[in-house]
Amino acid sequence: MRKAEQDGTTVGADADVVAIERAMVALRRSAARRTLARQAAREGGRPVPEGAAFEVLDVVEAAGERGAPAGVREVADALRVDQPRASKLVAAAVQAGHLRREADQADGRRTLLAVTADGRELLEAAHAFRRSVVARVTRDWPAAERAAFARLFTRFMDDFGAVNGPAGAD
């Protein structure tokens, strides 16, 4: 058996590419296991919501930051779900008081989504907790390494989005 087959790498694959792919899988699995939500619960803080319903808030917030208002279609595209599923997720966020629907002043047939004060509070708590975890994970890293990682990871995600379409458009 060849070494590449023994250690699980793809024949001819660059070792760095293999390491990045493995890290991507580990990150995806961590998200799927709702690791941050469980960690927040263990630490006794405010629960950090995760999952598709909360991702709607992330999408609407990111769209607003880009100056591009979001409706159900944009949520569906960003989450890579069909419009009926996106509509249900949006309806749940509206019912929970995290989003509100607003008429599009430029197109009366269209409804836009806006984050409510409760939704903003939820987003801010989630951002604060996520950032605290990143800060803890990287606290012993030299500042230059943390800055390089931030730059390279952001570049990677931008380039990944350009190849595969933006993941969540955020």
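Q: Why is Arg100 called partly exposed?
A: Arg100 has a relative accessible area of 39%. Buried means under 20%, exposed over 50%, and partly exposed in between (1.4 Å probe, protein chains only), so Arg100 at 39% belongs to the middle class. Please keep in mind that this is a predicted model, where local features need pLDDT of at least 70, side-chain atom pairs count only at pLDDT 80 or more, and totals for chains, interfaces and linings use all residues. Residues are numbered from 1 along each chain as its sequence is written, and side-chain values use heavy atoms, with hydrogens and water left out.

Q: What makes Glu102 and Arg100 a salt bridge?
A: The closest N and O atoms of this pair are 2.8 Å apart. A salt bridge asks for a side-chain nitrogen of Lys or Arg within 4 Å of a carboxyl oxygen of Asp or Glu, so the pair Glu102 and Arg100 qualifies. Glu102 is partly exposed too, with 32% relative accessible area. Elsewhere, Arg73, Glu74, Asp104 and Arg110 are joined into one network by salt bridges that share partners.

Q: How do you know that Arg73 and Glu74 form a salt bridge?
A: Their side chains meet at 3.4 Å, N to O, and that lies within the cut-off, so the name fits. Arg73 has 46% relative accessible area and Glu74 has 24%, and both values therefore count as partly exposed.

Q: What makes Asp58 and Arg130 a pair that links distant parts of the chain?
A: The two form a salt bridge, with their closest N and O atoms 3.3 Å apart. Asp58 sits in helix H4 (residues 52-65) and Arg130 in helix H7 (residues 117-137), 72 residues apart. Helices here are DSSP runs (H or I, at least four residues), as are strands (E, at least two), numbered from the N terminus. A search of the whole structure turns up seven salt bridges.

Q: Is Asp58 called buried or exposed, and why?
A: Asp58 is called buried, because its relative accessible area is 12%, below the limit for that class. Its partner Arg130, at 26%, is partly exposed.

Q: What makes up the largest nonpolar core?
A: A nonpolar core is a set of buried Ala, Val, Leu, Ile, Met, Phe, Trp, Tyr and Cys residues joined through side-chain atoms within 4.5 Å. The largest one has 22 residues, of which Val56, Val60, Val75 and Leu99 touch the most other members. At least two residues each come from H4, helix H5 (72-79), helix H6 (83-95), strand E2 (111-115) and H7. H4 supplies the largest share, six residues.

Q: How do you know which residues Leu99 is in contact with?
A: Contact means heavy atoms within 4.5 Å. Leaving aside neighbours within four places in sequence, the partners of Leu99 include Val56, Leu57, Val60 and Leu113.

Q: Why can Phe149 belong to a nonpolar surface patch?
A: Patch residues need over 30% relative accessible area and no salt bridge, with like charges joined within 9 Å and nonpolar side chains (Val, Leu, Ile, Met, Phe, Trp, Tyr) within 5 Å. Phe149 has 41%, so its area passes that limit. The patch of about 560 Å² is made by Leu27, Val137, Trp141, Phe149, Phe153 and Met157. Helix H8 (residues 143-164), where Phe149 is placed, gives the most to this patch, with three residues.

Definitions and conventions. Accessible areas come from the Shrake-Rupley method with a 1.4 Å probe; for residues, only the protein chains shown count as cover.
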